[in-house]
Amino acid sequence: MRVRLRNPERVETLPGPLTVAEVLDRLDVPAHTVLVIHDGQLVTAGHELGDDAEIEIRPVISGGAGSSPRCVQCRAPAVIEEPRHRSAWCPDHFVDHVTMQVRKAIDHPPLADPHERMFHYGDRLLVAVSGGKDSLALWDVLLGLGYDVDGLYVGLGIGGYSRRSQEICEGFAEARGVRLHVVSLAETYGYTTPSGSAAAGRSTCGVCGLSKRYAFNKVAVDEGYDVVVTGHNLDDEAATLLGNVLRWQDDFLARQRPVLPATGTNQVRKVKPLYRLSEREMAAYCVVRGIDYVVEECPLVDGNTGHELKAALDALEAGAPGTKAQFLFGFLDRHAAKWSDDAPGAEPLELAACTTCGMPTTVEVCAFCRQRERILAALPLFEGASDDAAAAADAPAADAPA
Ligand code: AMP
Ligand code: ZN
Ligand code: ZN
């Protein structure tokens, strides 16, 4: 069906039949902010719309152009506007909005059967926290929803940046009386991101990503957690999707989803409950909730193509709010099923225990153990270089918390 939306003007196509309530839900439009018009008649939530229906969703709350915006829930002065949702909120209702989006992701993840949730109230959750806005906001929301959720910070040894990030995570956990696991790459595995990257001759982001993913799963397995939760947001996922599409990486496309089930022993389910929320919404959530987070970026990311993909999507989003969400959700709703069934990378992997560490792998020795072995063999030659990199990262950033 064709759905015309106003302020800003755009048209969405959805497969029917759907009720009016389902259409509004799909498009994230709060029902009380709009009128729905079908064949010149007003229709209500339960009205059924066929696949060939043409409807208009017309906003009824004014105050966009020029005047100061008001909260769509209570009409109090708004502190944040989100063109994608054609909405604005007061602080309390903005917190409700973020919480609702996380709930929706947990209760009805895409590509799951209708009754499958990301996780349940009885599950023990481990949220990977970097000290940045997304993962700390996520921990806060999950605690607010009453989930049993501990944190994990992985110390990457990137000088002062890592130290400040760890302090922020520890401060968050202490203030709320919740448990934070800390794993230091240097202490546990004998290398840091800068020294490992120099020794392995691999990009810092490559060494860092593999080490983090390994540590998340390893801690979850050793400590008996059911699910690993990460703070990947809508912008992260849309940029990853764009990158995978540009290179037609079928195997990555097949695995790009907000729920990755555990497929073998010593492998823990992974979920991304922030995939419906933008970077900007998460930053705003932290400000509204008074959550202290590391604003500085990792000093080692240069050349990371993710930033260019995000910039390209931001340019599109500025001209047509909702583009990113349409791109990502459209893929998850319709196309990902095709990749998951047909793609070359989508066959269930035959996993065996790594002969070195026991974690799941498709070969004899897992990628992490192979990388670590290479790093430790070459490390003595690179000690000097890695000290320089750490020292460079040590310079306090301009916006570092005091
Ligand atoms: P990034 O790969 O830096 O975009 O981070 C994606 C997600 O990975 C974050 O939202 C966190 O959940 C997690 N994460 C990143 N860095 C760390 C870290 N040093 N320790 C624990 N979790 C992390
Ligand atoms: Zn309000
Ligand atoms: Zn291994």
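In which helix is N244 found? In this predicted model, N244 lies in helix α8, which covers residues 234-246. N244 is buried, because its relative accessible area is 6%, and the cut-off for burial is under 20%. Leaving aside residues up to four places away in sequence, N244 touches Q249, F252, L253 and Q256. One of these partners, Q256, is 12 residues from N244 in sequence. The C-alpha atoms of N244 and Q256 are 9.1 Å apart.

Helix α2 comprises 17 residues, 91-107. At 1.5 Å a residue, α2 should span 24 Å. The C-alpha atoms at the ends of α2 are 24 Å apart, so expectation and model agree. Buried residues of α2 include F94, V95, H97, V98 and T99. Q101, V102, K104, A105 and I106 of α2 are buried as well. Their cover includes three helices, α1 (20-26), α3 (133-144) and α10 (279-289). Strands β8 (80-82) and β9 (87-89) also contribute to the cover of α2.

The zinc ion (ligand 3) is held by sulfur donors. Its coordinating atoms are the SG atoms of C354, C357, C366 and C369, at 2.3 to 2.4 Å. The donor residues follow the spacing C-x2-C-x8-C-x2-C in sequence. C354 and C369 link distant parts of the chain, 15 residues apart. C354 sits in the loop between β16 (352-353) and β17 (360-361), whereas C369 belongs to helix α13 (residues 367-394). Both C354 and C369 are buried. The four donor atoms subtend angles of 105 to 120 degrees at the zinc ion (ligand 3), and the arrangement is therefore tetrahedral. For four tetrahedral donors, the ideal angle at a metal is 109.5 degrees.

Terms used:
Residues numbered from 1 in each chain as written. Chains lettered and ligands numbered in written order. Predicted model: local features only at pLDDT ≥ 70, side-chain atom pairs only at ≥ 80, totals over all residues. Heavy atoms only, no water. Donors = N, O, S within 2.8 Å, 3.2 Å for Na, K, Ca; no water. Tetrahedral: all angles 85-135°; square planar, octahedral: opposite > 155°, others 65-115°. Helix = DSSP H or I, 4+ residues; strand = E, 2+ residues; numbered from the N terminus. Buried < 20%, exposed > 50% of the residue type's maximum accessible area, 1.4 Å probe, protein only. Contact = heavy atoms within 4.5 Å. Expected span 1.5 Å × (residues − 1).
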